[in-house]
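Open the model in your viewer and keep the selection tool at hand. The tour goes from the whole chain to helix pairs, then to single residues.

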Amino acid sequence: MIFMFLVIAIAVVLQIALISVFIGAGVYYLAEFVEEHTALTKKVIKWTIHVVIICHIGLYVFDNLPLTLIALGLLSHIVYYFLLTDFPHFNLTSLSFISSIILLIGNHVLAFKFFRQRYTTLSEVFSYFTVCLWMVPFMFILSLSANDNTLPITNVDDNVVSHYFTNRKRSYKIKNLFTYLVILLVKITI
């Protein structure tokens with residue numbers, strides 16, 4: 001049985017390392033995708049904000065979460081919506097950015113206070129934090145790098161530079177396949 005514990009320890013370390021690499025690769029791919037498709041990312045973030053607002057309303061109506069927690073969550077997502085006006089550019093000193101950070105911290109404080117006072121399962125707590133608190137800010141964090149790599153956008157369809165970048169041959173076949181699948185999935189859901 002001693003050798004089995006050694007095998008288990010090696011397997012756990014290997015699994016943690018592989019999961020970390022896979023998560024890192026996924027986040028890197030998402031950041032690259034956001035840099036290349038800022039207009040689509042803006043639409044996805046906008047629709048995600050709508051979905052999270054509906055989730056907040058559903059949690060209030062069906063699960064009787066406190067009105068203060070729901071109101072602060074709705075207010076923070078409305079402020080996140082205002083951050084989309086200049087997307088992908090963020091002004092770190094703007095009122096909407098500063099208030100979104102303050103509301104995010106306030107949301108966390110109220111959520112920790114609520115879940116500490118009420119018996120809930122760990123999956124309920126993680127689900128609330130993932131969907132209602134972390135999903136939209138994580139999307140904004142992923143899109144921070146897109147600010148540095150975007151060019152000014154014009155509405156002219158026959159732009160020479162855009163035409164060149166859309167028609168050139170690419171050597172990254174797997175990346176193009178994943179990009180095509182993500183765009184197709186987003187277009188189907190929107």
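Start with the contact map of this predicted model. Among contacts with a separation of 6 or more, 78% join residues 24 or more positions apart.

**Whole chain**

Colour by secondary structure. You should find eight helices and zero strands. From start to end the pattern reads α-α-α-α-α-α-α-α. Now show the surface. About 13600 Å² is exposed, and carbon and sulfur atoms supply 73% of that area. Of the 190 residues, 28% are buried.

**Stop 1: α2 and α3**

Select residues 38-63, which form helix α2. Add residues 67-83 for α3. How do the two axes cross, and within what distance do they come? They cross at roughly 170 degrees and come within 10 Å. An angle over 145 degrees counts as roughly antiparallel, so α2 is roughly antiparallel to α3.

Show side chains at the contact. From α2, take K46, I49, H50, V52, I53, H56, I57, L59 and Y60. From α3, take L67, I70, G73, L74, H77, Y80 and Y81. Colour this set by class: 11 residues are nonpolar, four are polar and one is charged.

Pick H50 in α2. Its relative accessibility is 33%, so H50 counts as partly exposed. Draw a distance from H50 to H77, C-alpha to C-alpha. The pair is 8.5 Å apart in space and 27 residues apart in sequence.

**Stop 2: the loop between α2 and α3**

Go to N64, in the loop that links α2 to α3. What is the sign of phi at N64? It is positive, about 55 degrees, although N64 is not a glycine. Most residues other than glycine have a negative phi. Turn on the surface here. N64 has 61% relative accessibility and therefore counts as exposed.

**Stop 3: α3 on its own**

Hide α2 and keep α3. The helix has 17 residues, and its end C-alpha atoms are 24 Å apart. That agrees with the 24 Å it should span at 1.5 Å a residue.

Next, highlight the buried residues of α3: L69, I70, L72, G73, S76, H77, V79, Y80 and L83. Which helices are included in their cover? The cover includes α2, α4 and α5. Bring α2 back and add α4 and α5 to see this arrangement.

**Stop 4: α4**

Select residues 95-117, helix α4. α4 has 23 residues. From first C-alpha to last, α4 reaches 33 Å, close to the 33 Å expected at 1.5 Å a residue.

Which residues of α4 are buried? They are S100, L103, L104, N107, H108, A111, F114 and F115. Among the elements that cover them are α3 and α5.

**Stop 5: α4 against α5**

Add residues 122-142, helix α5. Two packed helices are described by the angle between their axes and the distance between the axes. For α4 and α5, the angle is about 175 degrees and the axes lie 11 Å apart. The two helices are therefore roughly antiparallel to each other.

Show the contact. L104, N107, H108, A111, F112 and F115 come from α4. V125, Y128, F129, L133, W134 and P137 come from α5. By class, this contact has 10 nonpolar residues, two polar residues and no charged ones.

**Stop 6: F129**

Centre on F129, in helix α5. Is F129 buried or exposed? At 3% relative accessibility, F129 counts as buried. Now display its neighbours, leaving out residues up to four places away in sequence. F129 touches H108, A111, F112, F115 and W134.

Draw a C-alpha distance from F129 to H108. The pair is 8.3 Å apart in space, with their positions 21 residues apart in sequence numbering.

**Stop 7: L30 and V182**

Finish in helix α1, residues 2-36, and pick L30. L30 is partly exposed, with a relative accessible area of 36%. Now pick V182 as well. L30 and V182 are 152 residues apart in sequence, and their C-alpha atoms are 9.9 Å apart in space.

Definitions and conventions. Residues are numbered from 1 along each chain as its sequence is written. This is a predicted model: local features need pLDDT of at least 70, side-chain atom pairs count only at pLDDT 80 or more; totals for chains, interfaces and linings use all residues. Side-chain values use heavy atoms; hydrogens and water are left out. Axes are lines fitted to C-alpha atoms, for helices over the stretch in contact, and angles run from 0 to 180 degrees between N-to-C directions. Helices (H or I, at least four residues) and strands (E, at least two) are DSSP runs, numbered from the N terminus. Angles under 35 degrees count as roughly parallel, over 145 as roughly antiparallel, 65 to 115 as roughly perpendicular and the rest as oblique. Contact means heavy atoms within 4.5 Å. Ala, Val, Leu, Ile, Met, Phe, Trp, Tyr, Cys and Pro count as nonpolar, Asp, Glu, Lys and Arg as charged, and the others, Gly among them, as polar. The expected span of a helix is 1.5 Å times one less than its number of residues. Buried means under 20% relative accessible area, exposed over 50%, partly exposed in between (1.4 Å probe, protein chains only). Accessible areas come from the Shrake-Rupley method with a 1.4 Å probe; for residues, only the protein chains shown count as cover.
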